[in-house]
Amino acid sequence: MDENQKFIRSRYPSASGYLDDLKRLHDLYRSSPIPSEELIDQFALYATPPSLRRFIHFDRLYQKLLNLPGVIMVFGVRWGRDLSILHGLQQIHEPMNHTRRMLGFDTFTGFPSVSSLDGNTSVTQAGAYGVTEAYEEHLAEVLRVKMRLGSYAHLERFELLKGDAAERLTQYLETHPETVVAFAYFDLDLYEPTRACAEILIPYLTSGAVIAFDEFIHPVFPGETVAARQVFGNNARFRRVPGVGPGHSSYLIFDGHQHD
Ligand SMILES: C[S@@+](CC[C@H](N)C(=O)[O-])C[C@H]1O[C@@H](n2cnc3c(N)ncnc32)[C@H](O)[C@@H]1O
């Protein structure tokens, strides 16, 4: 595999010139004349509409779990963007709810393998979506600082579980039988780990839990949809977040049943 490929993000579809303009924005950000101590609070200046939209998308989902007990699990962490958004939303909506812990599952070395149900494109290859060496240590430190800036700073809100997601989830549940899951966000992109983790989770989902799939009906990552359908059934009420949902994304409210 090409060394750069592990950092690839799927751009689908991208108009000609789009990537050039993204790069230009990136360069402007890196060479910003804004003083560094102010830059962190000016991120919206350089954020693209899709990344701002992602905040709103997660906010709409978060509103659905405010009255539910349980933790948040993010399957597929990569650089930590979604975990970080969720932490921000927790600080906004329920800063006093110290039981709303966030668990992030990732190999932090990219896709461990792909199956025949995952298609065969440049982004569905073993090793794709990797991160830099020991990135999880950087991410853990970023999250620690964010916790200190937030409420109940002495309580651990995050846990990063490195390794195969299904294995780490099984281990976690063995040592935390009190687990109730209010929100599971699936962004593993692939059939096997999505199916395995979703099946393991079923007994731990509270009725009303929000289960979301980042690559739902995504033709480049067909395996995630196949897994969602197999575990939750064809008759599950998959829904989009109106307007702001990323093009390929859907969620369901778990009603305590798997539908045939
Ligand atoms: C699209 S990225 C996730 C992006 C992330 N949600 C964000 O906030 O930007 C997909 C991630 O799934 C992870 N992944 C795929 N299969 C996995 C598995 N079996 N176990 C753990 N992580 C896996 C990859 O390492 C990759 O980081």
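1. In this predicted model, strand 5 (residues 205–213) and strand 6 run antiparallel to each other and are joined by four bridges. Within that pair, A212 has Y251 of strand 6 standing opposite.

2. The two strands belong to an open sheet of six strands, whose order reads 3-2-1-4-5-6 and whose pairing is mixed. Because strand 3 and strand 6 (250–253) lie at the edges and have a single partner strand each, one side of each is left without a neighbour in the sheet. On average, and with direction ignored, neighbouring strands of this sheet are turned by 15 degrees against each other.

3. On the other part of the strand order, strand 1 (residues 71–75) pairs with strand 2 in the parallel sense, over four bridges, and V74 has G104 in strand 2 as its bridge partner. Between these two strands the chain passes through helix 5 (residues 81–93), and the resulting β-α-β crossover is right-handed.

4. Strand 2 is also paired with strand 3 (residues 158–162), again in the parallel sense, here over five bridges, with M102 standing opposite F158 of strand 3. The chain makes this connection from strand 2 to strand 3 by way of helix 6 (residues 135–149), in a β-α-β crossover that is right-handed.

5. Strand 2 (residues 102–106) deserves a separate comment, since it is mostly covered, with five of its five residues buried. In a regular strand, side chains alternate between the two faces of the sheet. Here M102, G104 and D106 point one way, whereas L103 and F105 point the other way, and all of them are buried; a reader checking D106 should note that this residue is included among the buried ones.

6. Helix 7 packs on the sheet, where it touches strand 1, strand 2 and strand 3, and its direction makes about 145 degrees with that of strand 2.

7. Two packed helices are described by the angle between their axes and the distance between the axes. For helix 7 (residues 165–175) and helix 8 (residues 191–201), the angle is about 15 degrees and the axes are 9 Å apart. Because angles under 35 degrees count as roughly parallel, helix 7 is roughly parallel to helix 8. The crossing of helix 7 past helix 8 is right-handed, and the residues that meet are A165, A166, L169 and T170 from helix 7 and P193, A196, C197 and I200 from helix 8.

Terms used. Residues numbered from 1 in each chain as written. Predicted model: local features only at pLDDT ≥ 70, side-chain atom pairs only at ≥ 80, totals over all residues. Buried ≥ 20, exposed ≤ 12 C-beta atoms within 10 Å, placed from the backbone. Pairing = 2+ DSSP bridges. Right-handed = clockwise from strand over helix to strand, strands pointing away. Axes fitted to C-alpha atoms, helices over the stretch in contact; angles between N-to-C directions. Parallel < 35°, antiparallel > 145°, perpendicular 65-115°, else oblique. Left-handed = near helix turned anticlockwise from the far one by under 90°. Contact = placed C-beta atoms within 7 Å.
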